[in-house]
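Please look over the chain shown here, first as a whole and then at a handful of individual residues. The report is meant to be read alongside the sequence and the coordinates.

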Amino acid sequence: MILAGDIGGTNARFGCYVNGERIGVAELDAEAYPNGEELLSAALAELPAGTIDACCLAVAGPVFGDDATLTNVDIAFSRSGIEAATGASAVALVNDMVALGSAVAGLADERFELLNGNPAEGVKCVLAAGTGLGMAVLVDGKCLPSEGGHARIAPVGAFERELISFSESEVEHHGGVLAWEHYLSGRGVEALYRAVCAVWGAKPEPFDAATITRRGLAVEDPVCHTTVETWAGMLATAAGGLAVTSLSFGGVYLGGSIPAAIAEFLRGALFRRRFEDAAWAADYLKNVPIYLIADPLAGLEGAHLIAHNRLRHG
């Protein structure tokens with residue numbers, strides 16, 4: 001049996017696989033557990049019992065050697081701790097974007113929604129926006145994780161420059177660098193909403209990201225609608241920038257809970273145009289397909305593939 005885990009700053013998903021078939025899933029609140037050991041123990045208690053031959057945990061944070069700490073929640077894992085808890089002979093501890101990238105590399109494109117463009121071969125890249133913003137590049141089936149979400153944001157137009165001017169005052173105590181993740185994440189939706197309110201002279205309501213998104217999609221609140229529309233435009237620019245940086249002619253794959261929630265914005269012509277305008281002298285972006293990873297268990301599938309390969313090759 002293979003144990004796979006996809007552990008983000010909010011949701012922690014675990015699955016058991018036998019002969020490639022997923023036989024059980026446990027979905028837990030990562031923030032409800034004080035450490036990685038208790039989180040893993042709780043997951044094992046909910047999953048089918050059996051001998052675990054291989055395990056891969058994918059975590060939303062940097063992995064250094066045999067240790068990993070999540071970026072947005074105070075939880076850490078170690079390879080030795082995973083081995084002790086599971087008894088697995090083959091253990092992999094990877095960044096969550098490596099798992100999501102492995103899913104993109106190892107699963108058929110039919111598993112993902114083609115938003116626009118035509119399927120093509122070549123390097124691929126992945127952006128996932130949820131609790132944070134992850135990026136990765138896929139070359140010949142191998143996933144190269146990236147911290148591109150921490151790069152300085154690139155505004156388009158006077159309105160976005162005004163938004164960033166306001167938000168920079170909120171991050172001054174962090175060095176004053178406004179990165180893509182400050183907007184393109186769950187908390188980023190809320191930060192962007194506050195910025196839109198400030199620029200428009202509106203009083204912000206205590207809305208969370210889910211409420212802002214819901215009201216924006218329903219067009220019942222002009223401020224929320226503009227927030228979501230602007231968020232989608234910024235995602236297009238970030239995606240286009242990553243595609244140019246990595247020459248991802250094989251496609252851009254958008255994952256995470258927020259892109260899935262606002263898919264109707266991503267299917268539109270405005271999103272595509274913003275993507276193609278993301279870089280100078282980059283006409284080839286017109287030929288790059290864009291996919292949506294709508295399956296919330298895609299990262300889990302990728303972790304399973306990694307564990308399977310680790311078990312097979314030793």
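The text below moves from the overall fold to one helix, and then to single residues elsewhere in the chain.

**The chain as a whole**

The model is a predicted one, and the secondary structure of its protein chain comes to 11 helices and 14 strands. A compact globule of 314 residues would have a radius of gyration near 20 Å, and because the protein chain has 20 Å, it agrees with that expectation. Taken along the principal axes, the C-alpha atoms fill a box of roughly 60 × 40 × 35 Å.

Of the 314 residues, 52% count as buried. Among the contacts in the protein chain with a separation of 6 or more, 68% are accounted for by residues 24 or more positions apart. The accessible surface of the protein chain comes to about 13800 Å², and carbon and sulfur atoms contribute 52% of that surface. As for charge, the protein chain carries 20 positive and 38 negative side chains, and the centres of these two sets lie 5 Å apart.

**Helix α3 and Ser-102**

How many of the 11 residues of α3 are buried? Nine of them are, so the helix is largely enclosed by the rest of the structure. The buried residues of α3 are Asp-96, Met-97, Val-98, Ala-99, Leu-100, Gly-101, Ser-102, Ala-103 and Val-104. At the N-terminal end of α3, Asn-95 acts as a cap, with a side-chain oxygen that lies 2.8 Å from the backbone nitrogen of Met-97.

Ser-102 belongs to this helix, which covers residues 96–106. Because its relative accessibility is 16%, and buried means under 20%, Ser-102 counts as buried. Its side chain reaches the backbone oxygen of Val-98 at 2.7 Å. When neighbours within four places in sequence are left aside, Ser-102 is in contact with Gly-302, Leu-305 and Ile-306. Helix α11 spans residues 298–313, and those three contact residues of Ser-102 carry numbers that fall in this range. By contrast, Asp-277 is 175 residues from Ser-102 in sequence, and their C-alpha atoms are 28 Å apart in space.

**His-308 in helix α11**

His-308 is also found in α11. Is His-308 buried, partly exposed or exposed? With a relative accessibility of 34%, His-308 counts as partly exposed. Although His-308 and Cys-56 are 252 residues apart along the chain, their C-alpha atoms are separated by 8.8 Å.

**Two loop residues with positive phi**

The table sets out two residues in loops, each with a positive phi although neither is a glycine.

| Residue | Phi | Loop | Relative accessibility |
|---|---|---|---|
| Asp-140 | about 50° | between β11 (133–139) and β12 (142–146) | 77% |
| Val-219 | near 55° | between α6 (209–218) and α7 (222–246) | 54% |

Asp-140 lies in a loop between two strands, β11 and β12, and because its relative accessibility is 77%, Asp-140 counts as exposed. Val-219 lies in a loop between two helices, α6 and α7, and with 54% relative accessibility, where exposed means over 50%, Val-219 counts as exposed as well.

Notes: Residues numbered from 1 in each chain as written. Predicted model: local features only at pLDDT ≥ 70, side-chain atom pairs only at ≥ 80, totals over all residues. Heavy atoms only, no water. Helix = DSSP H or I, 4+ residues; strand = E, 2+ residues; numbered from the N terminus. Rg over C-alpha atoms; globule rule 2.2 N^0.38 Å. Buried < 20%, exposed > 50% of the residue type's maximum accessible area, 1.4 Å probe, protein only. Contact = heavy atoms within 4.5 Å. Areas by Shrake-Rupley, 256 points an atom, 1.4 Å probe, with all protein chains shown as cover. Lys, Arg positive; Asp, Glu negative; His and termini not counted. Charge placed at Lys NZ, Arg CZ, Asp CG, Glu CD. Polar contact = N/O pair within 3.5 Å; in protein donor to acceptor, adjacent residues only side chain to side chain.
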